Each structure stands twice: as C-alpha cells, then as structure tokens.
Amino acid sequence: MAMAVVVCDSRLALRRHGLASAICKHISRLIGLRWTLRGSQHLAEQKACVIVANHQSSLDILGMFEIWAIMRKCTVVAKKELFYAWPFGLAAWLCGLIFIDRLNAGGARAAINKAASIIKKDQIKLWIFPEGTRKNTGEIHPFKKGAFHVAVSAQLPILPVVYSPYYFLDDRHRTLDSGKVIISALPPISTEGLTMDDIDGLMQKVREHMTEEFSKMSNEVKADIVPSCNSRSSKAE
C-alpha cells in the first residue's frame, strides 16, 4: 500500500490547491454537505506543525479542502488509492501528489523525513491521518506512530483536527444523504523536549483529546438529527 507526500510551497502549487478547493466545495454543495469549522485560529497560525486528523471516509478530503484557504501552506500525506477515488483523486492530482510505497519502509521514512525538514524550514503544516485506514464506525481507532515520530524528531507541535461522525453515510448499503459536519481544530500539543521514548504517551494523550472531542460532537449532531426527523414526521402528517 502506498501513501503520498505533497509539499505545496510554490505559487503554482498554491494555485492548484485553490482550484482543487473550489472543485471540492462545489462537490460538497452538490451532495448536500455543510461544513462548520471550530478553532480556526489554531489552523490560521503561520507556523509549522503536524496536523493529525481522524479518518472516516474519502469525504474527509472534501472537508480538508473546505478549510484549505485558512491553512494556506500545507503538506498532505495520503494513500495512493485516493487517486482512484474520483472526484477526490482529481483534487489530489491537482495538488501534485508524490507517491511512496509504505511497504518500502526505508523509502517511506526518507520521504516523510525530507518533507519534515521542508515544513520546518518554510513554516508549512503537515497533515496526516494517523489511523491509516479509513473507518466509519463511530469511533477513533488506534494510531500508527509515523506522525508522532515526525513531530518528535523535528520538535514540531501536534495540532489535532477532529471530524464529527458521518451519520449521513451508510457504508454497508453504500448510501449518502445530505448532512452537517463539524471540523474542530484543537489547541496544539507541544513536543518540545520529548524523545522517541515519549511517543507512546504522546499518542495516547492526543488520541484521548480527540476521542473526547469526537464524543462531544457525536452527541451534538445526534441532538440535531432528532428535531430534524420530528419536523419531517410532522410535515408528513
């Protein structure tokens, strides 16, 4: 399985990201998705960090491009399979993804480390989905260590980003309804002074913060669903 590293620090890349963002926003409108961003001030800070986000579906890419203008310069790590999930793959292609093979551990590590050195130098954000495989199961699954290795080795803060549950998406029956998604950017977590021995504890801390936020948002979107359903029932009567 492969993943991709994108460094968008050139004017051409920024223009392409603008086009990709416009395409994804149009797609969101067409399929009836409404995005709400909280904690935008954390994403707007012009400094390098490692963003870790929960991964539920290819729809995550729509959300990422919905808030792209706020982040400006960003580096994305994604699986090669994303290219074939059009129209998400089109947006990814516009950003000039460079694919690496995760089975080739040495090559993957070298590529990500190279990206880390660039983002620290040029104040670019690195976006990673630490769960690896997307899973729309209503929970945040265990993390892989890659993102945390990068953050600790480069001494970059970790910025957790949490998507609310996709209650409108039924993977089993392959159905998608219109719906609302909350994207919550949490305060950055410092890695200053941490070593590789601290990675497990850091992973646990970040996952706990994200799980707590995910749970809060889950209750919130469920509360929104009930009145909406009642309203439709009343109209039907």
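The second largest cavity of this protein holds about 40 Å³ of space. The structure is a predicted model, and the count of cavities of 30 Å³ or more comes to two. Rolling a probe the size of a water molecule over the atoms shows where empty space is left.

**The cavity and its lining**

Which residues line the second largest cavity? They are His-42, Glu-45, Lys-47, Ala-48, Cys-49, Lys-125, Pro-157, Leu-159 and Pro-188. By type, this lining divides into five nonpolar residues, one polar residue and three charged residues.

His-42, one of the lining residues, has its place in helix 2, which covers residues 40-44. Is His-42 buried or exposed? Its relative accessible area is 15%, and buried means under 20%, so His-42 counts as buried. Leaving aside neighbours within four places in sequence, His-42 is in contact with Leu-159, Ala-185, Leu-186, Pro-187 and Pro-188. Of these contacts, Leu-159 and Pro-188 also appear in the cavity lining.

**The protein as a whole**

The protein has 237 residues, and 47% of them count as buried. Its secondary structure comes to eight helices and 10 strands. The accessible surface is about 11900 Å², with 53% of that belonging to carbon and sulfur atoms. Among contacts between residues at least 6 apart in sequence, 82% join residues at least 24 apart.

**Strand 6 and its partner**

Lys-125, which lines the second largest cavity, belongs to strand 6, residues 125-128. Lys-125 and Trp-127 point one way from the strand, while Leu-126 and Ile-128 point the other way. All four are buried. Strand 6 pairs with strand 3 (residues 49-53) in the parallel sense, over four bridges. Within this pairing, Val-52 stands opposite Ile-128.

**Two residues with positive phi**

Most residues other than glycine have a negative phi, and most peptide bonds are trans. Gln-123 and Gln-155 have positive values, as the table shows.

| Residue | Phi | Loop | Relative accessibility |
|---|---|---|---|
| Gln-123 | near 60 degrees | between helix 6 (105-122) and strand 6 | 33% |
| Gln-155 | about 55 degrees | between helix 7 and strand 7 (158-163) | 32% |

Why does Gln-123 count as partly exposed? Partly exposed lies between the limits of 20% and 50%, and the relative accessibility of Gln-123 is 33%. Gln-155, with a relative accessible area of 32%, is partly exposed as well. Gln-155 comes just after helix 7.

**Helix 7 and helix 8**

Helix 7 covers residues 146-154, and its buried residues are Ala-147, Phe-148, Val-150, Ala-151, Val-152 and Ala-154. An α-helix has 3.6 residues a turn, so residues three or four places apart point the same way.

Two of these buried residues, Phe-148 and Val-152, are in contact with Leu-202. Leu-202 is found in helix 8, which covers residues 199-236. With a relative accessibility of 4%, Leu-202 counts as buried. Leaving aside neighbours within four places in sequence, the other contacts of Leu-202 are Ile-158, Ile-189, Thr-191 and Leu-194. How far apart are the C-alpha atoms of Leu-202 and Lys-145? They are separated by 9.9 Å, although the two residues lie 57 residues apart along the chain.

Terms used
Residues numbered from 1 in each chain as written. Predicted model: local features only at pLDDT ≥ 70, side-chain atom pairs only at ≥ 80, totals over all residues. Heavy atoms only, no water. 1 Å grid on protein atoms, 1.4 Å probe; cavity = no way out; pocket = protein on both sides within 12 Å on 5 of 7 lines; lining within 4 Å. Points joined across faces, edges and corners; volume = space filled by probe spheres on them. Nonpolar A, V, L, I, M, F, W, Y, C, P; charged D, E, K, R; others polar. Helix = DSSP H or I, 4+ residues; strand = E, 2+ residues; numbered from the N terminus. Buried < 20%, exposed > 50% of the residue type's maximum accessible area, 1.4 Å probe, protein only. Contact = heavy atoms within 4.5 Å. Areas by Shrake-Rupley, 256 points an atom, 1.4 Å probe, with all protein chains shown as cover. Pairing = 2+ DSSP bridges.
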